[in-house]
Amino acid sequence: MPVRDLAEVQLDRQQCALLVTIGTQQAKDPAGRWPLWEWVEHRAASLGLENPRALLNSLPRIGTPADSFGLSYGFTTALPRSFVDDTRVALTVAAAWALDEARSDLGDPFLQVMHHMIALWRDTPRSPNEVTRIALTSENLQAAFPNLRARTISLIPEIFANEPFLSASRSRQSDDSWAMEIPRQVMQYKDVKTLHDYVRAVSHHVNDVVEADRSLYVGVPTPVPFPFTAFESESMPVPVNGGERAPAQFEAPTTTVAFPGEAIESSAYLARLLLWLDAQAQQHPGEYSDVTRFVEELGLEEEDPTVLALQLEQRGLVNIARNLAGIPDVYLSDEGRVTVHKLKKLQGDRAARLRYTMGAFLQWLFDTAGDQAPTNPVSFLTTPGSSFAGADVSAVDLDQALAYLAERSFIEHIDTDPITVAITRAGVGWALSGERVQGRASAAGADTVGTIARPTSGSLTHQARQQQDRGDAPHQTTGMDPQLSAATQDRYEQVRSQASGDPKAYRRDKDPHPESNQADVFKATHKNTDVTVALKQLHGRYPREQKIARMKREIEAGKALSGHPHAMPILDHGNEHTWFVMPWADSTAADHKEVLKDPEQLRVLVDALTSVLHAAHKLGWIHRDIKPPNILCLSGRWVLADWGAVRRPPGQTTKIDRTAIGIGTEGFSAPEVLAGQDRPQACGDVYSVGRVIAWALTGDMPQPNKQLLPAPGPWRNIVRAATQDTPARRPQSISELVNLIDREHQAIPVEPLERATTLLERANGGNTGAADAFLTLLTDHTGDYDLYVGSLTELTARQAGPALVRNLPQAQNILRALTEHVDGGDARWVQFPEASRVTIWLYEIAAHAASVQQWDLLEEAMQAMCTWDGAWDQWNAQGKIGPWLASLKGDAAATVGAVLRDYPSSASHFSHLADDRTSDPHIRQAVRQH
């Protein structure tokens, strides 16, 4: 929510609660790390805060609006538009002004250090011959403020990094000491005395900057709203006669030297780094970013951040400021921002992604198994090479690439389970020759976008789904295993190249197709090439002017969209516009009604429709009659036909007095189209796509003025939004519709507690695999109080004991994490029954470890049990533990006794055993009170 002055706003209770949740976790973290957004959402929801993302988005901000690039400032650093699960959300000093809870750890230290920096800047002597760089160090700060906590001093560089105008180059050594350059802008706060003064001052400064220059991102292109760029012929020219086509690359900026080597989109890490820098720029406008953080976040231990930064600098994509430690801090150059724009565009370019995948996979296969040994192709998806334009290659992409490579004999499929492939001699020859397999793919591979065949059990997509079910799939997958015959396209191209405008060039069947409507459609044969085509001809010898105009529009639209794989091409036509020739389609969507009930098959059809409609709308053409009979299956792909009802761009209509009567189809066309609206909009086609989806999933024909919705799920929300009777309430463009579809189909993460409950039930039923998976889940959520104190203790010792023994390092982590919860969690107090249950469970684990002589596990379980017992002193638990201690002998007694001696607060609870002569001496000595 934009405001002018953060110092004048009042946060409501829920907003404050969200900020307190973030700040409390940071205060508890030993390293002072701000929490991940995934954790914040989960914790906020558990505290009863509804829709944490919307709540965070409601927090006031000053400066550039959140949906634009530029300088802004608020109570947190991260903007909701850039959130992913691993985004760390930090509080700013403004939050310390708004929350009393944050003043002692954040606000007051900030003011102290800022005034110290002002004094250093003012009092440091200057040289007449060189620029003086003034630095603040942790040692200097410790000496100036001996009462300032070491943890607070350690976090000072990060606190200042989150404030506008005060972020500067900084370095940190292995011993956690740091140095930070003092920016000259600190002097603009020399009169600030309180947090209120600072927040007001920074608000005014940000507003001044934004008003003087509406964005710090001058020259940033408007983000591409739609991903289907593979079909823009001016940017992706189609080769003639199968000629080679180079992989998509960016031209080197004219102001820099072209960088030799791989294209940026083909680099495993440089493209990701560039996109990461863009995200950082959105979260921290105008600031440098430390590339070391990128390397750490991705776990790239073998990558040198300096080298990565220099590679981008050589390409002219970033500017570098070396900090005091010599590690480069960077920010995007104008060329870099343009390249980010292109990378995001390329991520949606299916043809470019397919060409890359074919080449990268074949090169990987040669490097991995050049001896032609069978190899599981899924392994490629875990390598750095399975990244294109900064995004992961999917299993569907690899399926398509494998189909092409096998067809061209570069690889061969081996009939194994799981499926494996082997490189052939031809593939080895290609790898050694250095040629581009992508170039050979352009003629046939560019349109490899979906068929009507279902995935088989041997397909890579099927394998990836099986792996996902087991929990180890590297990628999400949708779609099918498509192949498209280049020979079919070549035949149609022969017809087009010999187009004469003479219907006598075709030998047509006697009777038209029975479902012909506005015109007769005949199955015909091109005499010269013997290619089967469809010839569409108006009824009668002298058709009406309106009919001719309609067919003329259909011809013009087909020619305007020529080359788009999801538009029906026009091969030949008469000058009088009474007939034309197009490819003969195998079937229509109506013929595949049952297949389209599969949401994945439907998604392929919808992607095809949105692709071609996006291209048409860019040209100003509105279809207005999208329905199943007009969606054809042509050579294994969906195409949209019958553009006779199309509305031309303004100024190109047939006649200014032409009526709209008869336009559209009831049930599928938008209400305003059927009513004869003078200027149809793109949202009318959005309506029709929604009705096609509803038809496919329900099996019912849509009726006018009657809502038709599929069963609950992602498609239901999409259909409801797309088929609103009021045009303004629908997505206003195909781009908005696609964004809605993508959002609705994003995988909803399963709550750990929900998954744990399912695994727990199976584990207690005797499923050892479920028990192992349950414990693995816990190791990923060590801070979840409910998982450990609630769910873990419900896993019976009969199942938990053997599972812990099977993975002792994991057992150690779990037991130590359970120990950390002895004092409760955020806004959560340990209840006495919970403490008793945990202590008894730990005793049972210890007893199992002793019975199977697993001494390491016994020690860990005893240490955790003694911690809980010493803290909570639960009699019913001690009633079970005491007799067990008395029964121990030999090595078990010695191991337990050693632990008890280290935990006197727990050992004292069993002091009565000191005089029990039947107990082992190790136990008696350990519990004896001194």
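# Sheets, helix pairs and unusual loop residues in a predicted chain

Three strands form an open sheet in the order β3-β5-β4, and their pairing is antiparallel; two strands count as paired if DSSP finds at least two bridges between them. This is a predicted model, in which local features need pLDDT of at least 70 and side-chain atom pairs count only at pLDDT 80 or more, while totals for chains, interfaces and linings use all residues. Residues are numbered from 1 along each chain as its sequence is written, and side-chain values use heavy atoms, with hydrogens and water left out. The chain has 35 helices and 20 strands, where helices (H or I, at least four residues) and strands (E, at least two) are DSSP runs numbered from the N terminus.

**The sheet of β3, β5 and β4**

- The strands β3 (135-137) and β4 (170-172) stand at the edges with a single partner strand each, so one side of each is left without a neighbour in the sheet.
- Neighbouring strands of this sheet are turned by 15 degrees against each other on average, direction ignored; axes are lines fitted to C-alpha atoms, for helices over the stretch in contact, and angles run from 0 to 180 degrees between N-to-C directions.
- Between β4 and strand β5 (residues 178-181), which run antiparallel, there are three bridges, and serine 171 has alanine 179 in β5 as its bridge partner.
- Helix α7 (residues 150-161) packs on the sheet and touches β4 and β5, with its direction making about 30 degrees with that of β5; contact here means heavy atoms within 4.5 Å.

**The sheet of β18, β19 and β20**

- Another open sheet of three strands has the order β18-β19-β20, again with antiparallel pairing.
- Its edges are formed by β18 (587-588) and β20 (637-640), each with a single partner strand, so one side of each is left without a neighbour in the sheet.
- Four bridges connect strand β19 (residues 631-634) with β20, the two running antiparallel, and the bridge partner of cysteine 633 is tryptophan 638 in β20.
- Helix α20 (residues 599-618) packs on this sheet, where it touches β19 and β20, and its direction makes about 40 degrees with that of β20.

**Strand β15 and its partners**

- Strand β15 (residues 531-537) is largely enclosed by the rest of the structure, because five of its seven residues are buried; buried means under 20% relative accessible area, exposed over 50%, and partly exposed in between (1.4 Å probe, protein chains only).
- Strand β14 (residues 520-526) pairs with β15 in the antiparallel sense over seven bridges, and alanine 524 stands opposite valine 533 in β15.
- The strands β14 and β15 form a hairpin with four residues between them, and aspartate 530 in the turn has a positive phi of about 65 degrees.
- With strand β17 (residues 579-583), β15 pairs in the antiparallel sense over five bridges, and alanine 534 stands opposite methionine 582 in β17.

**Two helix pairs**

- The axes of helix α31 (residues 855-872) and helix α33 (residues 890-902) come within 9 Å and cross at roughly 35 degrees.
- By class, the contact of α31 with α33 has eight nonpolar, two polar and two charged residues; Ala, Val, Leu, Ile, Met, Phe, Trp, Tyr, Cys and Pro count as nonpolar, Asp, Glu, Lys and Arg as charged, and the others, Gly among them, as polar.
- The axes of helix α22 (residues 682-698) and helix α23 (residues 714-722) come within 8 Å and cross at roughly 140 degrees.
- The contact of these two helices includes Val686, Tyr687 and Gly690 of α22 as well as Trp715 and Ile718 of α23, and by class it has nine nonpolar, one polar and no charged residues.

**Residues with a positive phi, and cysteines**

- Most residues other than glycine have a negative phi.
- Alanine 389, although not a glycine, has a positive phi of about 60 degrees; it lies in the loop between β9 (387-388) and β10 (391-392) and is buried, with a relative accessible area of 0%.
- Arginine 624 likewise has a positive phi, near 80 degrees, and this residue, placed in the loop between α20 and β19, is buried at a relative accessible area of 3%.
- Cysteine 633 counts as buried at 6% relative accessibility, and cysteine 683 is buried with a relative accessible area of 2%.
- The count of disulfides comes to zero, a disulfide being a pair of cysteine sulfur atoms within 2.5 Å.
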